[in-house]
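Q: I'd like to zoom in on one part of this model and see how it fits in with the rest. Could you walk me through it slowly?
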Amino acid sequence: VLEAHETAVMRQAWSNNSRYLATGDVEGKVFVWRFKDDKSEIFDNPDILNMKGDVTTLQWNSNDNLGV
């Protein structure tokens with residue numbers, strides 16, 4: 001369960017290698033989750049990925065870099 005968001009999650013996107021899931025909420029917070037051995041953890045600090053307002057798009061490029 002991804003419980004870090006305090007508001008509604010508006011967008012989500014899996015990385016190409018399926019190891020990471022990016023989630024973005026209505027407050028502009030983006031979390032990157034790492035999945036390993038049936039466990040999930042926050043991979044990136046959400047303060048680094050803090051947008052102004054709703055997250056309207058999340059997309060991984062071919063090198064698995066996240067674009068917001």
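To start, what share of the chain's contacts with a separation of 6 or more comes from residues 24 or more positions apart? After that, please take a close look at strand S2 (20-25).

A: First, some ground rules. This is a predicted model, where local features need pLDDT of at least 70 and side-chain atom pairs need 80 or more, while totals for chains, interfaces and linings use all residues. Numbering starts from 1 along each chain as its sequence is written, and side-chain values use heavy atoms, leaving out hydrogens and water.

Now your number: 37% of the contacts with a separation of 6 or more come from residues 24 or more positions apart. A contact here means heavy atoms within 4.5 Å.

The chain has 0 helices and 6 strands, so read along the sequence you get β-β-β-β-β-β. Both kinds of element are DSSP runs numbered from the N terminus: H or I over at least four residues for helices, E over at least two for strands.

On to S2. It runs antiparallel to S3, joined by 5 bridges; two strands count as paired if DSSP finds at least two bridges between them. S2 and S3 form a hairpin with 4 residues between them, and Gly-28 in that turn has a positive phi of about 90°. S3 in turn runs antiparallel to S4 (residues 39-42), through 4 bridges.

Let's stop at Thr-23, which sits in S2 and stands opposite Phe-31 in S3. Thr-23 counts as buried because its relative accessibility is 4%. The cut-offs are under 20% relative accessible area for buried and over 50% for exposed, with partly exposed in between (1.4 Å probe, protein chains only). Across the whole chain, 29% of the 68 residues are buried.

Who does the Thr-23 side chain meet? It makes a polar contact with the side chain of His-5 at 2.6 Å, and another polar contact, of 3.0 Å, joins it to the side chain of Trp-33. A polar contact is a pair of N or O atoms within 3.5 Å; within protein, one must be able to donate a hydrogen and the other to accept it, and neighbours in sequence count only if both atoms are side-chain atoms.

S2 also feeds the largest nonpolar core, a group of 8 residues: Ala-13, Tyr-20, Ala-22, Val-30, Val-32, Val-55, Leu-58 and Trp-60. The elements giving two or more residues to this core are S2 and S3 (30-36). Such a core is a set of buried Ala, Val, Leu, Ile, Met, Phe, Trp, Tyr and Cys residues joined through side-chain atoms within 4.5 Å.
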